[in-house]
Amino acid sequence: MNHDHSPTGGELSNWVRVPGSERAAVQGSRKVGPADPNEQMSVTVVVRRPAADTAVTSMIEKVGAQPLSERRHLTREEFASTHGANPADLSKVEKFAHEHNLQVKEVNAAAGTMVLSGTVTSFSKAFGVELSTYEHPDFTYRGRIGHVHIPDYLADTIQSVLGLDNRPQASPRFRVLKEEGGVTTAHAGRTSYTPLEVAALYNFPSIHCKDQCIGILELGGGYRPADLQTYFNGLGIPQPNITDVSVGGAANRPTGDPNGPDGEVVLDIEVAAAVTPGAKIAVYFADNSDDGFLNAITTAIHDTRNKPSVISISWGKAEIGWTPQAINAMNQAFRDAAALGVTICCASGDDGSTDRVQDGRYHVDFPASSPYVLACGGTRLESSGSTITQEVVWNEGALGGGATGGGVSDVFDRPNWQANANVPTSANPERRIGRGVPDWAGNADPATGYQILVDGTRAVIGGTSAVAPLFAGLIAIINQKLGHSVGFINPILYNLSAQHNVFHDITSGNNDMSGQNGPYEAQPGWDACTGLGSPDGTKLMNAISEAHRLVSV
């Protein structure tokens, strides 16, 4: 850590910067004054876990090299006792908090997180920051610029400090089919599907998932139970068992606007529950901030009550929009999930190869770019009866309707399991060898979207947001069939792809929304638009069920 002097903490002479904590103001925002000194707020501190850093990574590699029938993942209780934070480190941070008039609100030792609460004044002094109020045309937030600071005696203990800045961190990855004159546009070839119809086209097995729980993360909005009742009655399937989990005081709060976050929440629930009859759905509601996102993830991963075997995440942002400390903290959580046998499905983004960043470079979405998650891209799916007639890269280009995210990570190196996938170097000038996104893809074009009921309105919604819960459902089905969770499935998928006919190879299209061909085009095998392709669910399940050979990670 770099040593400097705290801008506000005169009582301590030696302070250090928290690496990767530097923030700039949100582009287009302006500072309007200091934050309210008496405002009550909470902050999440991520504490080192030395026992986890090397042990968990080696464990994942060891388990990945075992036949599926012999794999054993840690239970959540085992993980907490062997890989959680050191009690002495937690006590050290607790003492620091009390010295600065901060209270310890929550401790998740397994995840190495501590939630502290107190006033703006107390936090400003404790972490050597100046907290101000910023106004943006779309929102107002409490922000900071520069680094977070901590006393040097905590330099080896604290890894990240999240939540001092509460700007909206992520965006939902869904697109509502546009309407003209109050009527849904029926442009060339437009159709729509129920989730059951999409699952049938992808040949999902029909299995009652009574032993499965799917976790869904939401950073705003909510659902109305009456809508879900009407929707599932219309599909002719039983009402799903849905449990709401509050993270940091957030809750199921529908806004009444189907074009807002309610559209995301309901899309996720209706798609995931429709394709996995009998499964429990646990919805984790959290605030849309970097610490809210992290706490939603760690709560779901380490949830000893609901125990989700697969988690769907349809919120994200370009890698450049995160602080390195936040990316590191979330990536560690995803690594923990792999050790616990929890599969994470993430939407790869709806804004093509630039991911909504206008800097002349190409970007991928995080958390989809984490090497410990299953990144889900988007296609346009056309069919006749129960047969797929055409499937191409989702890209509405100049129409402004979005395109699948995908490309090469600027943050994460290319993982070993992508070594033979012909992932190109990054299209950016550095030509970086990085993690390729996505891993696979499914129907996401709003013009071939999903029929949803949200806030009393019937809508057709697409986006890679629909693909993450769809494929989370497929993983739950496979888990039910196997009798145990597949967990970190990425190495398995890339190994199977070379030997089994389990993917529909998408070979047409690109994800450049400018209307040019762009750097990433669909091609035989893996590509940076649709990954390995879209799955044949039954063939994939059978291939995994029969996979008793060794796989290398």
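## Helix 11 and helix 13

In this predicted model, helix 11 and helix 13 are oblique to each other, because their axes cross at roughly 40 degrees, and angles that are neither under 35 degrees nor within 65 to 115 or over 145 count as oblique. The axes of this pair come within 10 Å, and helix 11 passes helix 13, which spans residues 537–545, in a right-handed crossing.

On the side of helix 11, the residues that meet the partner helix are Leu 474, Ile 477, Ile 478, Lys 481 and Leu 482, while helix 13 brings Gly 537, Leu 540, Met 541, Ile 544 and Ser 545 to the contact. Taken by type, the residues of this contact comprise seven nonpolar, two polar and one charged.

## Helix 8 and helix 11

Helix 11, which covers residues 464–482, also packs with helix 8, residues 261–275, at an angle of about 30 degrees and with the two axes 8 Å apart. Helix 8 is therefore roughly parallel to helix 11, since angles under 35 degrees are counted in that way, and helix 8 passes helix 11 in a right-handed crossing.

The contact draws on Glu 264, Leu 267, Asp 268, Val 271, Ala 272 and Val 275 from helix 8, and on Ser 465, Ala 466, Pro 469, Leu 470, Gly 473 and Ile 477 from helix 11. Eight of the residues in this contact are nonpolar, two are polar and two are charged. Ile 477 of helix 11 thus appears in the contact with helix 8 and also in the contact with helix 13.

## Helix 9 and helix 10

A further pair is formed by helix 9, residues 290–301, and helix 10, residues 324–340, whose axes lie 10 Å apart at an angle of about 10 degrees. That angle makes helix 9 roughly parallel to helix 10.

Helix 9 contributes Asp 290, Phe 293, Leu 294, Ile 297, Thr 298 and Ile 301 to the contact, and helix 10 contributes Ala 326, Ala 329, Met 330, Ala 333, Phe 334, Ala 337 and Leu 340. The residues of this contact divide into eleven nonpolar, one polar and one charged.

## The largest pocket

The largest pocket holds about 1200 Å³ of space and is lined by 36 residues, of which Val 26, Gln 27, Lys 317, Gly 321 and Arg 356 lie nearest its centre. Strand 11 (171–172) and strand 19 (315–318) are the elements that give two or more residues to this lining, and strand 19 gives the most, with four residues.

By type, the lining of the largest pocket is made up of 15 nonpolar, twelve polar and nine charged residues.

Terms used
Residues numbered from 1 in each chain as written. Predicted model: local features only at pLDDT ≥ 70, side-chain atom pairs only at ≥ 80, totals over all residues. Heavy atoms only, no water. 1 Å grid on protein atoms, 1.4 Å probe; cavity = no way out; pocket = protein on both sides within 12 Å on 5 of 7 lines; lining within 4 Å. Points joined across faces, edges and corners; volume = space filled by probe spheres on them. Nonpolar A, V, L, I, M, F, W, Y, C, P; charged D, E, K, R; others polar. Axes fitted to C-alpha atoms, helices over the stretch in contact; angles between N-to-C directions. Left-handed = near helix turned anticlockwise from the far one by under 90°. Contact = heavy atoms within 4.5 Å.
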